[in-house]
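Subject: Structure handover

Hello,

Here is the structure I promised to pass on. Please open it first, then read my notes below.

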Amino acid sequence: MHPFFQLLKKIIQTGIGKSRLLMATAGLGIAMVLLLIAIQAHTNFYQLLYGRQNQNESADFLVVNKKITNAMMGQSDKSMFTAEELQTIKQQSFVEAAGYITSSQFKVTAAAPGELQFYTDMFFESVPDSFIDVKNEEWKWQEGDGVIPIILPNDFLNLYNFGFALSQDLPQVSQETVKNLPVKITVSRGLLSSQFTGHIVGFSDRISSFLVPAAFMDWANNRYGNGKAAAPSRIVIKTSDPANPTLVKFLDDHGYTTNQDKIKYSKTKLIVQTIVSVIGFFGIVLLLFALLVFSMFIQLIIASCKKEIQLLVMLGTAPAQLRRYLLRQFVPLYVVTGIVAVLLVAVLQWVAARALAAHEMVVSPWPGIGMWIAAAVVLLLVYFVNNRTIRKYLD
Amino acid sequence: MQIQLSHLVPLPLRDKLLQRASDIWNKDVTFSPGSFVKIKAPSGTGKTTLVHYLYHIRYDYAGKVMVNGKPWQDYNKSALAAIRQQQVSIIFQDLRLFDQLTAWENIELKRVMGPAPACTAEQVQEMAARLQVTHVLQQSARTLSYGERQRIAIIRALVQPFKWLLMDEPFSHLDEENTRRAAALIAETCKTQQAGFVLTDLDDDVHFNYDVQYQL
């Protein structure tokens, strides 16, 4: 240490009120640990939610419809979405894109070729093409084409293979086989009818429906429909985070419902967020008190050495020298406190990562970048506040 | 470094001082660099006040104290500190040592405060030996006699670089022999540093070869 500071040490006694300083340091330490844990817990939770299962997809799709209640039964217009409702949905911050699912307004029958002896009434729906996850060059239709590309829900094939086919002694079919089956599709309304060949181009997990290109749907509804503009009853939403509690609340508030499986995390997320926020809040409150005690401690030192400081200044000690000396008394203290807090959280993180790994949940064994930034910010804040206090009371 | 007084009058003593003749108060006075200045002042004429004005630790005056052409008020705290560390040194009448430090530490404080000390620790030892205070250097300043404290304060003022040394009755508690030694040391150090001094005292004296003498 500079010899001048060694002499200052004898003049400006910082030993006064040591218990107060200890309290302030302990408070700062606990506050930092709480804050860092809150931030780290947040990071971990995000890693768990979005870490691996969603690695390849940046967005998720939700099919939203109105809840069918007993009171609504028989009044299909009550389950329709109006244009305003779609607009409202589109305007929500958590919705990246939203589109109608248009249903067919005509009769559809499908018949399997050859010996399969399969004949069924069915329906079609369509969504804007950007929502289709089976990217396929065959996914297009224009007037005059005799082949309609169709996307089947994965569940449908499973139901057929493991439910229907087994019980009816029918052969099970693979996805490839289905794709190669030309299905005879008849579209009709009254006496008008058209024949098409349905070509299965893919299977979707996103939308549980029989999908055809929007172009075909528009044409067919126009030609075979009842002439009224189609009021859709289902909406598909593209969202980056189906576990977003705001989204779930929005759906609930409007009486909408969706695939519950996809939004099941939202409740957990809400609880975790609340807990993390409470911890973080206490951390911040504690930090403020620690800062207050630090400031009061500095004030106390300066007040108790007022005469000495005056004489020092009179003899030519620069204010900057005094400031530097006083800061030196505190900075190492909270740098050490900060390091201890960071180490503690790092150890906790490591233990947590191991414990979670036992349950096949993967989080990084290292604290996240957010925690490092927070630690740096807290230390800078403490430095800044102390520096200001010293400046204020020295003058 | 030039010090100029321009119609300097202490506000609390204004009426009293303006009734009597003075070489300093309410006059234009210039202390030219390197000169030895003696200001003789009877009690109650503002001797200590003047020294404090010159050192800029009292501000209740009319007129101006100009340092290098600028009034003291134009210097900020850091500039003031730099001047006190490197250009202006002082021996207070009431000495103002730190009781919690030893005599040696009191001297060291001033020696190492600035960016470059004017002398080495060995030279401090020599000064202490010349003023016969070597034996008290390691004692707490609190336990020293007034005469010893005064000699420590004199050494403290000499260990920093300076162009002006302000002295307020610096020998008040020293016997003739010690006064002679202290004055010799001060004169020598001033010559080495090419510095001048302003000394205030109650009576005439022959401790120094003064260049100028004023009556306060």
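A polar contact here is a pair of N or O atoms within 3.5 Å; within protein, one must be able to donate a hydrogen and the other to accept it, and residues adjacent in sequence count only if both atoms are side-chain atoms. By that rule, 8 residue pairs are in polar contact across the interface of chain A and chain B, both residues at pLDDT 80 or more. Keep in mind that this is a predicted model.

On the chain A side, three elements give two or more residues each to the surface that touches chain B: α1 (3–11), α9 (306–314) and α10 (319–357). By class, that side has 11 nonpolar, 4 polar and 3 charged residues.

There is also 1 salt bridge across the interface of chain A and chain B. A:Lys10 and B:Glu105 form a salt bridge through their side chains, at 2.2 Å from N to O.

Now the extent of the contact. Chain A brings 18 residues and chain B brings 20 residues. About 1700 Å² is buried between chain A and chain B, and carbon and sulfur atoms give 69% of that area. Within chain A, the most area is lost to chain B by A:Leu7, A:Met314 and A:Leu315. Together these residues account for 38% of what the chain A side buries.

Last, the layout of chain A. The domain assignment splits chain A into domain 1 (3–53 + 267–394) and domain 2 (60–239). Taken over C-alpha atoms, the centres of domain 1 and domain 2 of chain A are 59 Å apart.

Best wishes

Methods:
Residues numbered from 1 in each chain as written. Chains lettered and ligands numbered in written order. Predicted model: local features only at pLDDT ≥ 70, side-chain atom pairs only at ≥ 80, totals over all residues. Heavy atoms only, no water. Domains from an automatic or database assignment. Contact = heavy atoms within 4.5 Å. Buried area = accessible area lost by both parts, 1.4 Å probe. Salt bridge = Lys/Arg side-chain N within 4 Å of Asp/Glu carboxyl O. Helix = DSSP H or I, 4+ residues; strand = E, 2+ residues; numbered from the N terminus. Nonpolar A, V, L, I, M, F, W, Y, C, P; charged D, E, K, R; others polar.
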